[in-house]
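Q: I am new to this structure and would love a close look at a single part of it. Could you pick a place where two helices pack together and walk me through it?

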Amino acid sequence: MKDILLQITMANILPFGEVGGALIPLLPLATFVILGLFGRKYFKSFAGILGTLSILIVTLLSFYTAYHYFFVEGKVDGVFQKIVALKYTWLEFSPNVSIDMGIVLDPISVMMIVVVSFVSLMVHIFSLGYMEGEERFATYYAFLSLFTFSMLGLVLSSNIFQIYMFWELVGVSSYLLIGFYFDKPSAVAASKKAFIVTRFADLGFLVGILILAFYSGTLDFGVLINKLTSIQSPEFIHITSASFLGASMLTWGLTLVFIGGAGKSAMFPLHIWLPDAMEGPTPVSALIHAATMVVAGVFLVARLFPVFSVDGTALNIVAYTGALSALLAAIIACTQTDIKRVLAYSTMSQIGYMMFSLGVSKYGGENGLGYMASMFHLFTHAFFKSLLFLGAGAVIHVVHSNEMKDMGGLRKLMPITHITFLIACLAIAGIPIFSGFFSKEEILLAAYHSNKLIYVVGVLASGLTAFYMFRLYFSIFWNSTQNADHLMKHGHGEGSLTIKWPLIILAVCALLAGFVPIAHWVTSDGVPLETHIDIGFSTLPVLLALAGIGLASYLYKTANTRPQAIAHSLGGLYQTAYKKFYIDEIYLFITKKIIFNLIGRPAAWIDKNIVDGLMNGLAALTGKISELIKGLQSGKLQNYTLYFFGGALGLAIILIYFLQ
Amino acid sequence: MGTDFLILMKQEWMVIAIIFILMFIKIGSNEWKNERILNLVNILLLINFILGLFWNQEGTLFNEMYKTNPLIVAEKNILSLGTYIIALQAYSWLKNHQHVLEFYILLLSTLVGMFFMISAGNLLMFYLGLELSSIPLAAIANFDLEKRKSSEAAFKFIISSAFSSGLLLFGISLIYGLTGTLTFTELSQHLNGNPLEIFAFVLFIAGFGFKISAVPFHLWTADVYEGAPVSVTSYLSVISKGAVLFVFVSILYTVFKPIAITWYNILFILSVLTMIIGNLFAIRQQNLKRFLAFSSIAQVGFILVGISGASREGSASVVYFVLIYVFSNLGAFGVVGLVSALSGKENIDDYKSFYKNNPLLSWVLAISLFSLAGIPPTAGFFGKFFLLISGAGQGNYLLITIAALNMIVSLYYYLKVIKAIFMDPNDNPIEKLAIPASPKLALFICVAGIVLTGLMSYVYEYIYSLATSF
Amino acid sequence: MNLSALIILPLATAIAILLARGLKQVRTLALIGSTGQFLMSLGLLWAYWKERSAGNTSQFLFEFDYAWFAPLNIHYHIGVDGISVSMILLTAFVVIAGVLVSWAQDNMNKEFFFLLIFLSLGAYGYFISLDIFTLFFFLEVAVIPKFLLIGIWGSGKKEYSAMKLALMLMAGSALVFVGLVGLYFNTDVNGAHSFDLVAISKMHIDIASQKLFFPFAFIGFGVFTALFPFHTWVPDGHSSAPTAASMFLAGISMKLGGYGCLRVATYLMPDAAQAYAPIIILLSTIAIIYGAFATMMQTDLKYINAYSSVSHCGFVLLGIGMLTKTSIIGAVMQMVSHGLMTALFFAAIGMIYSRTHTRMVAQLGGLLKSIPIISTVFVIAGLCSLGLPGFSGFVAEMTLFMGSWQNADQWYRLATILACASIVVTAVYILRAVGSAIMGPVRDKHFNNLTDASWNERLAAGILIIGIVAIGIAPFWLNQLITPGAEHIMEHLGRAVSMK
Amino acid sequence: MKYFFLQATLSRSLPFGEAGGALTHILFLSTTLFFIGMYGLFTRRNMITILMAVELILNSVNINFVAFNKYLYPGKLDGIFFSIFVITIAAAEAAVAIAIIINLYRSHHSIDVEDASELKY
């Protein structure tokens, strides 16, 4: 057996050397195994504490790592290095091509582990109160740990196949968590849908990997990026000269990989699973469908960004898909009434921002602004969006409904939730000082310098964002107070400390995250970037956002019939947006009508009647012939002798005249 | 000369001695009980078989009319063993029969006839042996005197047999006319393959075809097998057929070697026809005896494939297969005969849920059928494999493919019986049968033979060492 | 290590079972025997590693050669390489799980366990054979027990299924037979024909005869491993069989075919394998896609798994047809993985069926609530089937795809992409089944009173899951086990090409 | 027509030598007898007649043997001996056959061959 290969460079970045590094993903895995096997029986309510403790340790380790990377050892000659901290061969196909399990530390992965573990910790704590009394409490924490493990593994991947594996694992943990309330048919359907849609996208990812790996002759990110970005390398010449249907194999490979990313990140037209995924417990939505898993697609493109940057076509696809998704989702979000769905569409919209920001970016230096902005937005978005979801969760916890009409006037009942939610809304709307403002400005700036059309879309969407977020905010916390009064009467409180504290912590983050100098740390080439806010440039988006807020307060702050009137006057347009542009229906048509009826059913029918029928027919034919020739054995002696003689004579004739 | 005469023909003498002992008993006293006679006969046949294994010599007698060599001795021993098993199995049937002694006298006469036939070095001797082995058989085919089917079977058998000897003789007479000799060793030097000779040869082969029931000379087989008593049927299907096959191989391989191409073509046609027709008819049978008749026809098809190999492997594998066939077919017939004698049921439908009350018999029948179907680890697998491998030695893979596909068809009907025994429900399955000791012994021998003959390669290697090279 | 012990132990167990009395004795004996097999297979793995790490690089280890039928040059020649060892491990895992699952088998228990153990004997013998006669012998040994197992203890239209299975498999082996005989007569080892796999591999058989006999051997073995369009025994056979028999059938018996395609057809007739590769790939791609779509329409859990087996075994043949080292490794991995996974699946289905007395997806629902352990087992099997990382299915499929993609031909690429696409369809049917049978509201009041898995069922599932996970999270050992064998095959292919 | 055709083939290919003429005539006779027997066997319905037809066939063989012996190979007595044995065996055969027919008559009350056709298919 070949020994496990350990390649440690600058191991002291990681707490306690490589062991500590490996602990970051493996601790949640261990928690998953322990809770999964024994949780039901032996832990029951202690499971939550155990899971939270383990994730707390992981968070501390991540912070330690981030500190050491960004402040102590990560930078060599002013450039943040890509450090392979741990690597062992998992499956070797040939000396060059192997799937490795490793930990790679570079700005984006270090940033991501911080985000993932921190948000995960918040969600763990929140769930202690939120999921209390749930029958499958231990299982819930097991799944959360599994997800955390997979997500950490994903961001730390050193190998494109490793990322694919964890990609699938986050998919399945998402599946398990969405379907957590398995006795609800809608939850089951949603989990199924989420998994299948992303699986379909992953097909693209897989084929993309095959293409890239074949031409570059490696699966290792470092080597792959090296080979496919150096114009003179034979691999590069090979992959760009080979073409299929008019596009080079590089474009194909990257586009296919991007399809995988688009699936996971709910980009149009593969976004249909995300709104449905809100069937899962709300903290799960906060963790998976807001802050971490859904940005995996962005992360993937960022990870391969050097390669993307040499291929304009692929990058354009990324940009336009992102922009389209951002706008589309924003429009749909304005019409939805389920608060979690609104948040889901807003997530999709924000990820659209990140995507197109990457798409308009170039590699290196100032040109890499979009890359930086995208990562920045990813960072800030994680906080305010998980905060929004947790806030929504707290609301749902009290109201026991997802529908806006069941809410209203909750600001008195739930003051902390109200304040934190407001902060988050301001952040996402891009109001200055709040974190979202900084990242969104960078994105729009990058777009402005590179693609005016996308810039316009971005600005438009940012106005819409402010509108629908505040529509949400007002509908929940202001508007009619009937429901709130009713709840007050029955003595409902805001919830336990475990519910409140995460909200507060996240609110602080959402407020302050914008001041984190991401530009100094996370850039396309590792060289720190200086950014500054251009007041003049910011005016338009901020004004638009304020307008959106104003419109929302006009329409939704108090109970009135104006929204209905507007919806009515928009008629078909409103309906189209409300029905999410009928994309679900189109999918349904394709799957149910075309795949099931035109492929599945015929295949089953053919198998039963034609292929199997052939076999049965063969047997039946034999029986038929047997029946047919039974007359030979007539029972009459004279016939027998006649056949006997005839046979002999025939044999003689054949032999004498034909075979001689 | 005198001692040679006694020693070389030792096996014949022993059987003749048994016949005489039985005749003395018949003449001397009528008081003997059936059981006593049956036990005596069984012991005598066992002694005959054991003695047949030792003190054998090689040589010729009567101006090469009679010859013997280790292979022939081995073949005769196989037949003796088979006869012994059949005698054991006949116990339940003959226990209450009036004419036990006559049965054995006639039966053993045919055995003597076969011995002479195998040892024949001359067409006349061959003919005499053949007739001696078939005419008494017709008589014992009618041994259930009062049964209509039995008489009909015997009648069909004797007339077909006479007719086939007529053709055979006509062929022999023409061969004689063309070559002027009847001795095997001289015959082979005079053959040159002209059309008349081929015509004569075809008639000659037709005679053989009748005996081994190759299609299209097989039509009597099923009727006779069904009508005759089970013991006679098993004797016909195993011993009589086996003996003729032994002769057939040696005559083709030695006497008719000069016209090998001709008989290769004949064997090709016959084997394909035999396999296909045998199988197609076997599929639709309900009566187990009739079913086994057709299955044995199909088996002959495979044997013909083996013979067509025209090699030392060919002759060895035919002898080997016949040995295995003795065990397998007698195992099957043994069970069928027992059930028929004790409960009177012969149809496949009657065997539904047979396993419920008679697990032992079921397994014996199943193992025998598996062996007939050629399923490992039973010996039948090896037998068939070697037959087909020697057949493939000629490079005719079409024949092998046809044979292999026919094995599937044959498997189907064997499995149909297995299915009835083990799987099909039946409200009224056959009661638990009390099996007398001697049939039990017979079945044990059969099963042991089926299991061991294949796995112990020694048996095949021994036969191979005896076999004549082509 | 004396490999014959792998045959002798099951034989001794089988005989002991025949002599035993009562269910308790019988099943105890069966368990002891299968545990013995299990330990022995692990011992074999250990011994194999020891030999290899001691620097023994010969192609086959622990060889033993005895002239069985000397006149025909038939030998009892046994030995193992990594591929065989992995298949033997698979067999041992499935056998012990199968015995455990059948713990409560009361109806004709003696015969049942006898046949199970006998079947395993055939499989072991098959995997250790280095003489193609012996190999063929054991191949057929393993057929008839299945017929009886299905026909006697099965459910539904069991007689029909049993008959169909037996006939189609025997038809397959008849074709194999023709192929082997043809091969035999085209060999010349020291002036004699030979069945010896090693000896034949060292000589060059002329291309015309290779081309003539390769289809026989390949299709023949292919029938066992559900080669389209000869796969129709699979759904009926699997669904009618009792649980343990389904497990054996899908877990072991279908692998006999794949192993034969690789070890006999491809290895011994490399030129023909190359010539026929497009057809193999075409058929296996059809099997993969078509099997997957046909699965989607099934409503019976066993049918779902059976059709998915058609699809998954298509991967095996695809890997063999692609003829690259990685794809062949992938094919072998897929065999092991699918064997374990599908056995687990059938075990879970059997457990569900024995409690709810239905296998129809539409009649089940909400089982996760009342029988969480069994449901979890089912879900794990499903996730493995749809190729989730961490389980063996993923490793095998990815290896296969990587290997297939190395074949630069456009059409082969298309086949690979289609094969990749099938995993999406797999997700659809697995999740549909899981969604409506395991999850969802409780469909029937009685389901609330079901008892969860008993110790033997847990143990059986646990053993299989350990196997699946052991490959899933640490595939390198299996990879290294298989690689030398695959390299030998590739080397042979390469040499054959240069001889052209 | 078929039979004549066959006879023509026979006579063309026989190496008759000087004795050709006479032998041909005798062979013609025996062949005719053979086919007459055959015809009787195929068409008669009485079992005894059928038996007689078979005897005719055997007799044609006897004629063959004797003729060949006399004209072609007069030095040895192979053919003649053969025919004696054939006659003997034919007698034995007839005896057994008639016994069987008698027994059959007991159960069937008929010796029409059509009545003895219960065993079929």
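**Two helices packed in chain A**

A: Happily! In this predicted model, look at helix α14(A) and helix α19(A). From α14(A) come A319(A), A323(A), A326(A), L327(A), A330(A), I331(A) and A333(A), which meet a set of residues in α19(A): I454(A), V457(A), G458(A), L460(A), A461(A), L464(A), T465(A) and Y468(A). Sorted by class, this contact of α14(A) with α19(A) holds 13 nonpolar and 2 polar residues, with no charged residues.

Now for the geometry. Two packed helices are described by the angle between their axes and by the distance between those axes. Here α14, residues 312-333 of chain A, packs against α19, residues 452-477 of chain A, at an angle of about 25°, and the axes are 9 Å apart. Because angles under 35 degrees count as roughly parallel, α14(A) is roughly parallel to α19(A). Their crossing is left-handed.

To set this part in its surroundings, turn to where chain A meets chain C. That contact takes 35 residues from chain A and 38 residues from chain C. On the side of chain C that touches chain A, the helices α12, α15, α17, α18 and α20 of chain C each supply at least two residues. The largest share of that side comes from α18(C), with 8 residues. By class, the residues on the side of chain C that touches chain A are 27 nonpolar, 10 polar and 1 charged.

Definitions and conventions
Residues numbered from 1 in each chain as written. Chains lettered and ligands numbered in written order. Predicted model: local features only at pLDDT ≥ 70, side-chain atom pairs only at ≥ 80, totals over all residues. Axes fitted to C-alpha atoms, helices over the stretch in contact; angles between N-to-C directions. Helix = DSSP H or I, 4+ residues; strand = E, 2+ residues; numbered from the N terminus. Parallel < 35°, antiparallel > 145°, perpendicular 65-115°, else oblique. Left-handed = near helix turned anticlockwise from the far one by under 90°. Contact = placed C-beta atoms within 7 Å. Nonpolar A, V, L, I, M, F, W, Y, C, P; charged D, E, K, R; others polar.
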